[in-house]
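Please walk through this structure with attention to its internal space and its aromatic rings.

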Amino acid sequence: MAPFLVLLLIASSLNHGYAQYHPKSEAFISLSITQNGLDFVKELLVNKTISSLISLQLPNIEKTTKIPIVGNVYMVLSNITIYHIYVPSSYVKPGETGISITASGVTCNLSMNWSYSYSTWLVPVEISDKGRAEVQVKGMEVGLTLGLENQEGSLKLKLKDCGSNVKDISIKLDGGASWLYQGIVDAFEEKIGSAVENAITKKLTKGISRLDSYLKSLPKEVPVDDHTSLNVTFVNDVLLSDSSVGFETNGLFIERNPSLPILDLYKNLKLPILCTNSSKMIGITLDEAVFNSASALYYDAKFMHWIVDQIPDQSLLNTAGWRFIIPQLYKKYPNHDMNLKISLSSPPVVEISNHKAGANVFADMTIDVLEEDKVIPVACISLVIQGTGVFKISGNNLVGAIRLNDFQMSLKWSKIGNLRMYLIQPVVWTLIETVFLPHANTRLSKGLPLPILHGFILQNAEIILSTSRLAVCSDVAFTESNKRFSYFISR
């Protein structure tokens, strides 16, 4: 995950109170996998399953059968290997009872060795032969039903039903007599079909078990930077409908080594999935409390304070640059260097509405004069900065920026007498545009990691804003870089 220092300005409406905490069962990030997304996952699983079945060896098949005239013949099929599988059609269908995946018209090609031996009263010695055979299993139906549930904050994948059915088998022998061909067909057709059905069912069962282990191993916290993590513990039941599968996570920011609870600043509402009718594969909905928790956490950790000693117009960091704006400052401290100390007086406030995100930031700007080894605070100006938030997707991160709309300022205190605020305002505007916003946007450009499995990447993502909600509607692609995921589903 990309480092993420602070969601400084893209935060949600916040009253600075600390009385209550969020129950762990509340959800502030939801993920919806649409039918298109399920189809994508299904194709991925089908392809990985096919890869895992290629070169799979089935147990030897032995049988003694009675053939007219010849008598009892002992037959063995060995080195039975699946070398090709073709799946012409498959579909996935979610429902209240689970997720059904069905593949129909499946063709499976196998190679094997055959051998036989027999003896008769006509020929006192044992007669035997061996060779190769090609088998094609046709018209096979394979189906399974999966259950998904939340088990102590992790996803539990259960195999509710799994089975396959072979409709037809054709066998081609290299060598052998016609009576042998018919004997093998009669003796082994059912056993070959059963062996293929059992092998596929067993492989699918093991694959689902490994997927379940993989889901259980997913972390409940995603590190964001050295100080914070995103709580991705699953909460509430998995939401199954006839066209999508939905999950909900806590989604709030917590300390990397959590010792303090997250502030309860919102009444939790059921998260709507804003792109249910979209053709996109997935939809991720974030409640404004997600941003809110980041804002409060970093504010309490004293990260929203910094000293400005380098600016584009460096003359403004010397009292000479202020001699016509604050004459008494220059008179008392002529040609002294200065620092500007900016501290947020409360966590940022953002209101997300339809098609718009507006940010309010409350800050204090203290003017410090540097005199030898002393730092002398001379005045403090309170700022209320109003801006517009802009969001976009970069990789699997939600990144943001803020643009200045307006600001208000007032004198909080002064040791150098009254200040003419109308003269100071243009300078402060310039400082906000050239110092404060670039500093904040640099942090925001790092982004918030969205709850996407490593190895998958968002594609053609769209962002939708609604009342107190932000949704990311996107397609996804599998990058093959998740070796651990590939191991679990293809082994």
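Which element gives the most to the lining of the largest cavity? Helix α5 does, with five residues. The model is a predicted one, and the account below starts from this cavity and moves outward.

The structure holds five cavities of 30 Å³ or more. About 80 Å³ of space lies in the largest of them. General reasoning helps here: a probe the size of a water molecule, rolled over the atoms, shows where empty space is left. The lining of the largest cavity is made up of Val308, Ile311, Leu340, Ile342, Met365, Leu383, Ile385, Val428, Leu431, Ile432, Val435 and Phe436. At least two lining residues come from each of β17 (338-344), β20 (374-394) and α5 (421-444). In terms of residue class, the lining has 12 nonpolar residues, with no polar and no charged ones.

Helix α5 also takes part in an aromatic contact, and the aromatic rings are the next topic. The count of aromatic pairs comes to seven. One of them joins Phe234 and Phe247 in an edge-to-face arrangement, with 6.1 Å from centre to centre and 70° between the planes. This pair links distant parts of the chain, 13 residues apart: Phe234 sits in the loop between β11 (228-231) and β12 (239-240), and Phe247 in strand β13 (residues 244-249). Phe234 and Phe247 are both buried.

The pair that involves α5 is Phe407 with Trp429. Their ring centres are 5.6 Å apart and their planes stand at 50°, so this pair is classed as tilted. Because Phe407 lies in strand β21 (residues 397-414) and Trp429 in helix α5, the pair ties together parts that are 22 residues apart in sequence. Are the two partners buried or exposed? Phe407 is buried, with a relative accessible area of 2%, while Trp429 is partly exposed, at 33%. Elsewhere, Trp114, Tyr116 and Tyr118 form one aromatic cluster.

These details belong to a protein with six helices and 24 strands. Of its 491 residues, 53% count as buried. Among contacts with a separation of 6 or more, 69% are between residues 24 or more positions apart. The protein exposes about 23,400 Å², and carbon and sulfur atoms supply 51% of that area.

Definitions and conventions: Residues numbered from 1 in each chain as written. Predicted model: local features only at pLDDT ≥ 70, side-chain atom pairs only at ≥ 80, totals over all residues. Heavy atoms only, no water. 1 Å grid on protein atoms, 1.4 Å probe; cavity = no way out; pocket = protein on both sides within 12 Å on 5 of 7 lines; lining within 4 Å. Points joined across faces, edges and corners; volume = space filled by probe spheres on them. Helix = DSSP H or I, 4+ residues; strand = E, 2+ residues; numbered from the N terminus. Nonpolar A, V, L, I, M, F, W, Y, C, P; charged D, E, K, R; others polar. Phe/Tyr/Trp six-rings, centres within 6.5 Å; stacked < 30°, edge-to-face > 60°. Buried < 20%, exposed > 50% of the residue type's maximum accessible area, 1.4 Å probe, protein only. Contact = heavy atoms within 4.5 Å. Areas by Shrake-Rupley, 256 points an atom, 1.4 Å probe, with all protein chains shown as cover.
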